[in-house]
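Thanks for passing this one along. Here are some notes to read beside the coordinates, in numbered points so that you can reply to them one by one.

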Amino acid sequence: MSRYLAQHLAALQGALRRIASTPLSSLLSLLVIGVALALPSAGWLIIDNLGAVTGSASGVQQISVFMTIDAGKKDIGEIESRLAAAKPGNWRFVARDEALKQLQASEGMAEIVASLPRNPLPDAFVVEPTDTEPQAMERLAKTFSGWPKVAHVQLDSAWIKRFDAFLRIGKLAVTMLASLLAGALVTVTFNTIRLQILAQAAEIEVAKLIGATDAFISRPFHYFGALQGALGGLFAALLVVLGGHLLAAPVDELIALYGGSFALHGLSAANVGALAAIGAALGWLGAQLSVAIHLRRLG
Amino acid sequence: MISATAVSKRYPEGLQALSDVSFEIDAGEMVFFTGHSGAGKSTLFRLLAAIERPTSGSIVVNGKNLAALSKSAIPYLRRNFGLIFQDQKLLFDRSVLDNVLLPLAIVGLPAREAARRARAALDKVGLLDREKANPIALSGGEQQRLAIARAVVNRPAILLADEPAANLDAESAGAILEIFRAFHQVGVTLLIATHNPQWMASASPRVLQLERGHLVGDAA
């Protein structure tokens, strides 16, 4: 093993020893870092899940194209051709008789439907667009409404717009919270390293006098910051996973009440890795700032 | 090996610690720097080890002008020196062995080789049986010997010792001198600041005498 790698290994071992030598204060630091990372992570996950809910809740991401009552087979064929050419996503034709049967099957509707003199429902197409962005959905609806024998195009755009705006505000709030808490994490690490540097002032002075480079002196602190941040990130992931498990059943029940089928998705292995990496990067940054300032003061 | 030319050092508060000091020291020489307290011995040693920079003049070590060295090059220069401080600067939060291991960790020597060399250095100064002790449990003479072991463990070409016999009894000071003689015999260049007359009488080395920052004598 090269001398360079041996020095890195020694610095890593030193950082691990330092964490293990003060278990209580290390645990408290990990708790603070874990909570600081868990809050925005949970926020992102909730927003991500809410976005997915809109896709699964029935009717939300669909455009219904209702034909005029007098539309014939030729007119329906024309719309089918246009949909096939436009390729807006998945679509299906719902014949007026089929629609009536579905209505009849609905609770409390059988008697009402039976009393009708004739089928009042039109033929319709249900389109599930590939692009579910509100603006794209609006554009499609406008196009469909211009087609022949189309009486009405139904898109719950107002609801989608409101929900999209809500999600955007949510994302912004989570980003702001994440920035604040990232700053707090950097500060926690900065202060921890500051105290370590002060406690090791004698060793640092001697090491400098006998030929230690700044890199040699600062390396263990960098490893400590990164390691503490990474462990805090893993702790945050644990908190989010536990929270997800507690919420899974009630959320499932709620979605079922709205006629959707949805499984709350938690953190993937990549997400957990990203959390640990973000924690490590922020910890390293706090250590770097602290080392740069306090080692210079030590001369 | 070491050349000082018209070296002066004036501190910002006005103290003129060294004035126009010039000398040359060849490889393998054993040189004593003597003079009363405040004569400038410690300042000169700090300049030689690039801990401070001279106000004027130049110091050349192994062909390198210290004034021209970048900040990042100074640690590598210091690895040519074994530094022994008056206050020893031992680390009391670790064992005797770990104190000696520190310079080897700095140069990145693998753990097994480092332990072997550290024990060899402790053996040379007669402290091998105390490797697990905390330095605070050692006597003054033993602490000074530990400082020597730490200074020589990297096999430096030059040893700089600032008042290594200060506060030691005659027996301990004699033992330290014997260790220095042993290093001198294997070709190590020794620069020792002292006002121990017993040492200068018994070792018959070259003596450079400083007085109020001026070099007033250079005698073999």
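1. Let me begin with a pair in chain B: Arg206(B) and Asp218(B) meet through their side chains in a salt bridge, with 2.9 Å from N to O. The two residues sit in distant parts of the chain, Arg206(B) in strand β9 (residues 206–211) and Asp218(B) in strand β10 (residues 214–219), twelve residues apart. Please keep in mind throughout that this is a predicted model.

2. How accessible are the two partners? Arg206(B) has 14% relative accessibility, and because the cut-off for buried is under 20%, Arg206(B) counts as buried. Asp218(B), in contrast, counts as partly exposed at 44% relative accessibility.

3. A second pair in chain B joins Arg119(B) to Glu131(B), again by a salt bridge, with the closest N and O atoms 2.8 Å apart. Arg119(B) belongs to helix α4 (residues 111–124) of chain B and Glu131(B) to the loop between α4 and α5 (140–152), so this salt bridge ties together parts that are twelve residues apart in sequence. Here the arginine is the partly exposed partner, Arg119(B) having 34% relative accessibility. Glu131(B) is buried, and its relative accessible area is 14%.

4. The third pair to look at is Arg46(B) with Glu52(B), a salt bridge whose closest N and O atoms are 2.9 Å apart. Arg46(B) is partly exposed at 35% relative accessibility, while Glu52(B) is buried at 18%. If you want to go through the complete set, the count over all chains is 15 salt bridges.

5. Now to the place where the chains meet. How many residues of chain B are in contact with chain A? There are 19 of them, and they touch 16 residues of chain A. The area buried between the two chains is about 1600 Å², and carbon and sulfur atoms give 65% of this area. On the side of chain B, the residues that lose the most area to chain A are Arg78(B), Lys89(B) and Ile106(B), which together make up 29% of what that side buries.

6. Turning to charges across the interface, the rule finds two salt bridges between chain B and chain A. Glu203(A) forms a salt bridge with Arg94(B), and the closest N and O atoms of this pair are 2.6 Å apart. For polar contacts between chain B and chain A, the count is six residue pairs, both residues at pLDDT 80 or more.

7. Which elements of chain B supply the side that touches chain A? Helices α2 (74–78) and α3 (96–106) of chain B each supply at least two residues. The largest share comes from α3(B), with four residues. By residue class, that side of chain B divides into twelve nonpolar, one polar and six charged residues.

8. Chain A deserves its own look. Its secondary structure comes to ten helices and four strands, and along the sequence these follow the pattern α-α-β-α-β-α-α-β-α-β-α-α-α-α. Is chain A compact or spread out? The radius of gyration of chain A is 30 Å, well over the 19 Å that the globule rule gives for 299 residues, so chain A is more spread out than a compact globule. Along the principal axes, the C-alpha atoms of chain A fill a box of roughly 100 × 40 × 35 Å.

9. Two further values describe the interior of chain A. Of its 299 residues, 39% count as buried. Among the contacts in chain A with a separation of 6 or more, 83% are between residues 24 or more positions apart.

10. Last, one residue as a landmark for your viewer: Gln154(A), found in strand β4 (residues 150–154) of chain A. Gln154(A) counts as partly exposed, at 45% relative accessibility. Which residues does Gln154(A) contact, leaving aside neighbours within four places in sequence? They are Gln62(A), Ile63(A), Ser64(A) and Phe66(A). As a distance check, the C-alpha atoms of Gln154(A) and Lys101(A) are separated by 21 Å, the two residues being 53 residues apart along the chain.

Conventions
Residues are numbered from 1 along each chain as its sequence is written. Chains are lettered from A and ligands numbered from 1 in the order in which they are written. This is a predicted model: local features need pLDDT of at least 70, side-chain atom pairs count only at pLDDT 80 or more; totals for chains, interfaces and linings use all residues. Side-chain values use heavy atoms; hydrogens and water are left out. A salt bridge is a side-chain nitrogen of Lys or Arg within 4 Å of a carboxyl oxygen of Asp or Glu. Buried means under 20% relative accessible area, exposed over 50%, partly exposed in between (1.4 Å probe, protein chains only). Contact means heavy atoms within 4.5 Å. Buried area is the accessible area (1.4 Å probe) that two parts lose on being put together, summed over both. A polar contact is a pair of N or O atoms within 3.5 Å; within protein, one must be able to donate a hydrogen and the other to accept it, and residues adjacent in sequence count only if both atoms are side-chain atoms. Ala, Val, Leu, Ile, Met, Phe, Trp, Tyr, Cys and Pro count as nonpolar, Asp, Glu, Lys and Arg as charged, and the others, Gly among them, as polar. The radius of gyration is taken over C-alpha atoms; the globule rule is 2.2 Å times the number of residues to the power 0.38.
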